[in-house]
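Q: Please take a close look at the largest nonpolar core of this protein. Which residues hold the most contacts in it, and what lies around them?

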Amino acid sequence: MDSYTWDLENVFSNFDSLQKEFSLIESMVNIFEKRDFFSSLNKEDFISFFSNCELIERKIKKNYIFCSLCSDIDFNSIKYKEMKVRINDIYKWFNSIQRLHKEKLLSFGYKKVVKFIQENNLNCDFQIKNIINYKKEELNRIKNEQICKENINNARNEYRKITSQLIFEPLFVNNKENN
């Protein structure tokens with residue numbers, strides 16, 4: 001039976017080592033949040049931003065997968081399930097910070113950023129795709145918000161039109177029920 005179980009001790013020897021790694025990730029995300037990567041557009045900050053993104057994301061995923069496997073092995077283990085939730089929360093936090101940094105990067109202008117990448121021979125197709133995808137997501141989000149607002153306004157106007165045409169007869173006339 002042991003041949004069909006995962007040997008997770010190679011990843012983290014115990015729960016304490018997992019918690020230490022989690023604390024490290026938390027502090028990395030804290031530092032990442034406070035750092036101003038894009039006060040100007042320069043090669044070092046650009047490379048630092050994307051390499052930090054990759055490193056932190058890899059650590060978060062490693063922790064998440066480890067906790068998932070541990071909770072799959074021992075269904076009654078609440079500590080791994082709780083840790084998985086905490087890791088998921090930190091991942092959401094990290095993604096929101098990334099989004100803010102990318103918005104600041106794109107404040108230089110999309111074309112200027114792509115040109116900067118090409119001129120500096122940054123050989124980072126992944127980063128370009130990442131920026132392009134972010135730009136598309138942002139445009140889709142804005143478009144969806146506009147569609148939702150239009151739908152809400154259309155529904156509100158339709159409701160007003162319908163309710164303004166309704167005529168309700170009074171239920172009571174002179175304190176007697178109207179049948």
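A: The model is predicted. Its largest nonpolar core has 31 residues. Among these, Leu 18, Phe 32 and Phe 46 touch the most other members. Four elements give two or more residues each: helix 1 (15-34), helix 2 (43-73), helix 3 (78-106) and helix 4 (110-119). Helix 2 gives the most, with nine residues.

Start with Leu 18. Set aside its neighbours within four places in sequence, and Leu 18 is in contact with Phe 12, Asn 63, Phe 66, Cys 67, Tyr 80 and Met 83. Position 18 falls in the span of helix 1, 15-34. Asn 63, Phe 66 and Cys 67, which Leu 18 contacts, fall in the span of helix 2, 43-73. Tyr 80 and Met 83, also contacts of Leu 18, fall in that of helix 3, 78-106.

Next come the rings. The protein has 10 aromatic pairs. One of them joins Phe 32 and Phe 94, with ring centres 5.2 Å apart. Their planes meet at 50°, so this pair is tilted. Phe 32 sits in helix 1 and Phe 94 in helix 3, so the pair bridges 62 residues and links distant parts of the chain. Both Phe 32 and Phe 94 are buried.

Phe 37 and Phe 49 make another aromatic pair. Here the centres are 5.3 Å apart and the planes stand at 70°, an edge-to-face arrangement. Phe 37 belongs to the loop between helix 1 and helix 2, while Phe 49 belongs to helix 2. The pair therefore ties together parts 12 residues apart in sequence. Phe 37 has 2% relative accessibility and counts as buried. Phe 49 has 0% and also counts as buried.

Both pairs belong to a wider group. Ring pairs link Phe 32, Phe 37, Phe 38, Phe 46, Phe 49, Phe 50, Phe 94 and Phe 116 into a cluster. Two residues of that cluster, Phe 32 and Phe 46, are also among those that touch the most other core members.

Gln 98 leads on from the rings. Gln 98 lies in helix 3. Its relative accessible area is 8%, so Gln 98 is buried. Beyond residues up to four places away in sequence, Gln 98 touches Phe 32, Phe 49, Cys 53 and Glu 57. Phe 32 and Phe 49, both touched by Gln 98, are members of the ring cluster.

Gln 98 also brings in the largest pocket, as one of the residues closest to its centre. The others closest to the centre are Glu 57, Asn 95, Lys 102 and Asn 130. Glu 57 is thus named twice: it is touched by Gln 98, and it is among the residues closest to the pocket centre. The pocket holds about 330 Å³ of space. Its lining comprises 15 residues. Helix 2, helix 3 and helix 5 (125-165) each give two or more residues to that lining. The lining divides into six nonpolar, four polar and five charged residues.

Last, the whole protein. Its secondary structure comes to five helices and two strands. Along the sequence the pattern is α-α-α-α-α-β-β. Of the 179 residues, 29% are buried. Among contacts with a separation of 6 or more, 73% are between residues 24 or more positions apart. The Phe 32 and Phe 94 pair, 62 residues apart, is one link between distant parts of the chain.

Key:
Residues are numbered from 1 along each chain as its sequence is written. This is a predicted model: local features need pLDDT of at least 70, side-chain atom pairs count only at pLDDT 80 or more; totals for chains, interfaces and linings use all residues. Side-chain values use heavy atoms; hydrogens and water are left out. A nonpolar core is a set of buried Ala, Val, Leu, Ile, Met, Phe, Trp, Tyr and Cys residues joined through side-chain atoms within 4.5 Å. Buried means under 20% relative accessible area, exposed over 50%, partly exposed in between (1.4 Å probe, protein chains only). Contact means heavy atoms within 4.5 Å. Rings of Phe, Tyr and Trp (its six-membered ring) pair if their centres lie within 6.5 Å; planes under 30 degrees apart count as stacked, over 60 as edge-to-face and the rest as tilted. On a 1 Å grid over the protein atoms alone, a cavity is a set of points where a 1.4 Å probe fits but cannot get out, and a pocket is an open set with protein on both sides within 12 Å along at least five of seven lines; lining residues have an atom within 4 Å of a point. Grid points are joined across faces, edges and corners, and a volume is the space filled by probe spheres set on the points. Ala, Val, Leu, Ile, Met, Phe, Trp, Tyr, Cys and Pro count as nonpolar, Asp, Glu, Lys and Arg as charged, and the others, Gly among them, as polar.
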